[in-house]
Amino acid sequence: MTQTSDNVTWLTQEAYNKLKDELEYLSGPARTEIAAKIAAAREEGDLRENGGYHAAKEEQGKQELRVRQLTQLLQHAKVGEAPADDGVVEPGMVVTIAFDGDENDTMTFLLASREYASGDIETYSPQSPLGVGVNGKKAGDDAQYELPNGKKAAVKILSAKPYTG
């Protein structure tokens, strides 16, 4: 899955199905479960000092936020369309860079939104400083991005291939 500039998210069919299943669970059974927790905690008495009630309400708020996020994400999703294998860095690409042009100091990562992150490969958001710096560059191009301390880091794009994982 990747975030593109027109607010469209590219998803594999597997990722789309997983997120859709999560949304269905959170919108149905999970809502019922949290409502039961809140009702049970409310019956315990004074709500001002009822830790169980406040914890359940906080959990409900987080759950509803996730429902809104998933709804928006899935509404703008494109399923199954991988980026072209043209060597241009864009969301959905596995990118290998060399720091300061040193081909012995490299890093490979997936440029994608956080929902696509997996243990298989490090993932950087297109909105991250590194993502912004390399997005749109081609293999062989130099790029810069801003470090947290305000300094600039230079990298060379070694390759950009569509993610197939």
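The following questions and answers go through a predicted model of a protein, from its elements to its salt bridges, core and surface.

In this predicted model, local features need pLDDT of at least 70 and side-chain atom pairs count only at pLDDT 80 or more, whereas totals for chains, interfaces and linings use all residues. Residues are numbered from 1 along each chain as its sequence is written, and side-chain values use heavy atoms, with hydrogens and water left out.

User: In what order do the elements of the protein run from the N terminus on?

Analyst: Helices (H or I, at least four residues) and strands (E, at least two) are taken as DSSP runs and numbered from the N terminus. By that reckoning the protein has four helices and eight strands. From the N terminus on, the order is β-β-α-α-α-β-β-β-β-α-β-β.

User: What percentage of the residues in the protein is buried?

Analyst: Buried means under 20% relative accessible area, exposed means over 50%, and partly exposed lies in between, with a 1.4 Å probe and protein chains only. Among the 165 residues in the protein, the buried share is 35%.

User: Which residue forms a salt bridge with Glu24?

Analyst: A salt bridge is a side-chain nitrogen of Lys or Arg within 4 Å of a carboxyl oxygen of Asp or Glu, and a search of the whole structure finds five of them. Side chains of opposite charge can pair when their charged atoms come close. Glu24 and its partner both lie in helix α1 (residues 13-27), four residues apart, about one turn of the helix. With the closest N and O atoms 3.5 Å apart, the partner of Glu24 is Lys20.

User: How many residues apart are Arg66 and Glu22, the pair that links distant parts of the chain?

Analyst: Arg66 forms a salt bridge with Glu22, and their closest N and O atoms are 2.9 Å apart. The pair joins helix α3 (residues 51-75), which holds Arg66, to helix α1, which holds Glu22, and the separation along the chain is 44 residues.

User: Is Arg66 buried or exposed?

Analyst: Its partner Glu22 is partly exposed, with a relative accessible area of 27%. For Arg66 the relative accessibility is 17%, so Arg66 counts as buried.

User: Which residue meets Glu58 in a salt bridge?

Analyst: Glu58 and its partner both lie in helix α3, four residues apart, about one turn of the helix. That partner has 55% relative accessibility and therefore counts as exposed. At 3.3 Å from N to O, the residue that meets Glu58 is Lys62.

User: Which element gives the most to the largest nonpolar core?

Analyst: A nonpolar core is a set of buried Ala, Val, Leu, Ile, Met, Phe, Trp, Tyr and Cys residues joined through side-chain atoms within 4.5 Å. The largest one has 15 residues, of which Val89, Val95, Ile97, Phe109, Leu130 and Val134 touch the most other members. Two or more residues come from each of β4, β5, α4 (129-134), β7 (142-146) and β8 (152-162). With four residues, the element that gives the most is β8.

User: What distance separates the C-alpha atoms of Leu110 and Val94?

Analyst: Leu110 has its place in strand β5, and Leu110 is buried, with a relative accessible area of 1%. Although Leu110 and Val94 are 16 residues apart along the chain, their C-alpha atoms are separated by 4.4 Å.

User: Where is Asp102, a residue of the negative surface patch, placed?

Analyst: Patches are made of residues with over 30% relative accessible area and no salt bridge, where like charges are joined within 9 Å and nonpolar side chains (Val, Leu, Ile, Met, Phe, Trp, Tyr) within 5 Å. The negative patch is formed by Asp100, Asp102, Glu103 and Asp105. Asp102 is partly exposed, with a relative accessible area of 35%. Its place is in the loop between β4 (93-99) and β5 (106-111).

Technical notes. Areas by Shrake-Rupley, 256 points an atom, 1.4 Å probe, with all protein chains shown as cover. Lys, Arg positive; Asp, Glu negative; His and termini not counted. Charge placed at Lys NZ, Arg CZ, Asp CG, Glu CD.
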